[in-house]
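Here is a quick walk through a two-chain model, written for someone who likes to check coordinates. Keep the viewer open while you read.

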2 protein chains.
Amino acid sequence: MDLLKKKILAEGSVEEGNILKVDSFLNHQLDVAFLNEVGKEFKRLFEDREITKILTLETSGIAIASIAAQYFNVPVVFAKKIATKNLDKATYESDVYSYTKGRTYKIKVSKKYITSDDRILIIDDFLANAQAALGLMDIINKAGATLEGIGIVIEKGFQDGGELLRKQGINLKSLVIVDSLEVGNIKFR
Amino acid sequence: MDLLKKKILAEGSVEEGNILKVDSFLNHQLDVAFLNEVGKEFKRLFEDREITKILTLETSGIAIASIAAQYFNVPVVFAKKIATKNLDKATYESDVYSYTKGRTYKIKVSKKYITSDDRILIIDDFLANAQAALGLMDIINKAGATLEGIGIVIEKGFQDGGELLRKQGINLKSLVIVDSLEVGNIKFR
């Protein structure tokens, strides 16, 4: 997606630890007009699939998934990773290991909001080691729902998540794949 | 907003501690078609104001603010309450006391994303004691920006946040005000 590449080159910055910081439009400030272009592109990429629900993870997937959902005419469900009193007792859960934080956290979705009839598109901002995606897939599996695809805004091609998912035959589409991240030199595949 | 009242009566539930649970459309599953109606209503209520940015708080404000922002043609900034390595060093900060959790947490916004030229609309899901709203107002104040209004989806009229803000002359608009919350008996103002 050329518009996204331009946006990353113009506004992104490379931080220590292979972090691509895109908080001017994706992770802190949200460029909603741009997110609409992202949403349209996801719709184009998954046009052939019958989707009943978009699943994402708080926090950074919520805005992207919500804007994209308008083009699919389906609701969004976001998995919770922050403990809240408000969540139903009956949940599907999975453990997600965060390489960045060096610890495992639990993600949860109320059993009410994913059923075995659901055909699900996962949407998230980044794909690196695919730990979050695997956690969401585990929840879809536990619910007996069907995974129709995974849409990622920015895939880090130098980490193994993309390969891991594609080897399993997952219908994974990333809007851009970044092959190397050096200050002043971001390379796209 | 009649559609919202109907939605609360049909799908909401009252939980211990004066909690109104609306996670089928607002806080866990997101009914994006409905959120578009919420967004249009906010636009109608703040039509007379010149807004340059919508400010909200992670997590539950993000979807509402993002969908609404489409009707204002402005970006969203969400204040961070979860520690992240990715945030700029230069931030505006404020302490927010949570009555529900019985502790104070810090909210932060990068100085890049609010400037003294900004005319800001705060959007959030709930208003109870107004502690989050006061924290966001503190950040707007520190940035030298202008608060144009506060748009709330559900105000708990039996708690003092609404009165506190209106007494200060804040342009506060709530889509519904709930005056009492009893199981099987939700009263709107």
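Two strands count as paired if DSSP finds at least two bridges between them. With that in hand, look at chain B, where B:Ile123 stands opposite B:Gly151 of strand E9. This is a predicted model, and every value below is computed from it.

**The parallel pair and its sheet**

B:Ile123 and B:Gly151 sit opposite each other in a pairing of strand E8 (residues 119–127) with strand E9 (residues 146–156) of chain B, which runs parallel over eight bridges. Those two strands are part of an open sheet of seven strands, in the order E3(A)-E5(B)-E4(B)-E8(B)-E9(B)-E10(B)-E11(B), and the pairing is mixed. At the edges stand E3 of chain A and strand E11 (185–188) of chain B; each has a single partner strand, so one side of each lacks a neighbour in the sheet.

Helix H3 (residues 62–72) of chain B packs on this sheet, touching E3 of chain A along with strands E4 (53–57), E5 (76–79), E8 and E9 of chain B. The direction of H3(B) makes about 170 degrees with that of E4(B).

After H3(B), have a look at B:Val74, which is in the loop between H3 and E5 of chain B. Is B:Val74 buried or exposed? B:Val74 has 20 other C-beta atoms within 10 Å, so it counts as buried. Leaving out residues up to four places away in sequence, B:Val74 touches B:Ile51, B:Thr52, B:Lys53, B:Ile54 and B:Ala69. Of these contacts, B:Lys53 is 21 residues away from B:Val74 in sequence, with 5.4 Å between their C-alpha atoms.

**The other sheet**

Chain A takes part in an open seven-strand sheet too, with the order E11(A)-E10(A)-E9(A)-E8(A)-E4(A)-E5(A)-E3(B) and mixed pairing. Its edge strands are E11 (185–188) of chain A and E3 of chain B, each pairing on one side only. Here E5(A) and strand E3 (residues 29–30) of chain B pair antiparallel over two bridges: A:Val77 has B:Gln29 as its bridge partner, and A:Val76 has B:Leu30.

H3(A) lies across E4 (53–57), E5, E8 (119–127) and E9 (146–156) of chain A together with E3 of chain B, at about 170 degrees to E4(A). How many of the eleven residues of H3(A) are buried? Nine are, so the helix is largely enclosed by the rest of the structure. The buried ones are A:Ile62, A:Ala63, A:Ile64, A:Ala65, A:Ser66, A:Ile67, A:Ala68, A:Ala69 and A:Phe72. Right after H3(A) comes A:Asn73, with a positive phi near 55 degrees.

There is also a hairpin in chain A to look at. Strand E6 (residues 91–98) and strand E7 (residues 103–110) of chain A pair antiparallel over eight bridges, with A:Tyr97 opposite A:Thr104 of E7(A). Four residues lie between the strands of this hairpin, and A:Gly102 takes a positive phi near 65 degrees.

The three strand pairings picked out so far, side by side:

| Strand pair | Sense | Bridges |
|---|---|---|
| E8(B) and E9(B) | parallel | eight bridges |
| E5(A) and E3(B) | antiparallel | two bridges |
| E6(A) and E7(A) | antiparallel | eight bridges |

**How the chains meet**

A turn of 180 degrees with a shift of 0.0 Å along the axis lays chain A on chain B with an RMSD of 0.0 Å. The two copies are thus related as by a two-fold rotation axis. The contact takes 26 residues from chain A and 26 residues from chain B. On the chain A side, strand E2 (19–21), strand E3 (29–30), helix H3 (62–72) and strand E5 (76–79) each supply at least two residues. The largest share there, six residues, comes from H3(A). By class, this side of chain A has 13 nonpolar, eight polar and five charged residues. Since 100% of the interface residues of chain A are also interface residues in chain B, the copies meet through the same surface.

**Chain A overall**

Chain A comes to five helices and eleven strands. Its C-alpha trace spans about 50 × 35 × 35 Å along the principal axes. A compact globule of 189 residues would have a radius of gyration near 16 Å, and chain A agrees with its 16 Å. Buried residues make up 46% of the 189 residues in chain A. Among its contacts between residues at least 6 apart in sequence, 59% join residues at least 24 apart.

How values were computed:
Residues numbered from 1 in each chain as written. Chains lettered and ligands numbered in written order. Predicted model: local features only at pLDDT ≥ 70, side-chain atom pairs only at ≥ 80, totals over all residues. Least-squares fit on C-alpha atoms with pLDDT ≥ 70 in both. Contact = placed C-beta atoms within 7 Å. Nonpolar A, V, L, I, M, F, W, Y, C, P; charged D, E, K, R; others polar. Axes fitted to C-alpha atoms, helices over the stretch in contact; angles between N-to-C directions. Rg over C-alpha atoms; globule rule 2.2 N^0.38 Å. Buried ≥ 20, exposed ≤ 12 C-beta atoms within 10 Å, placed from the backbone.
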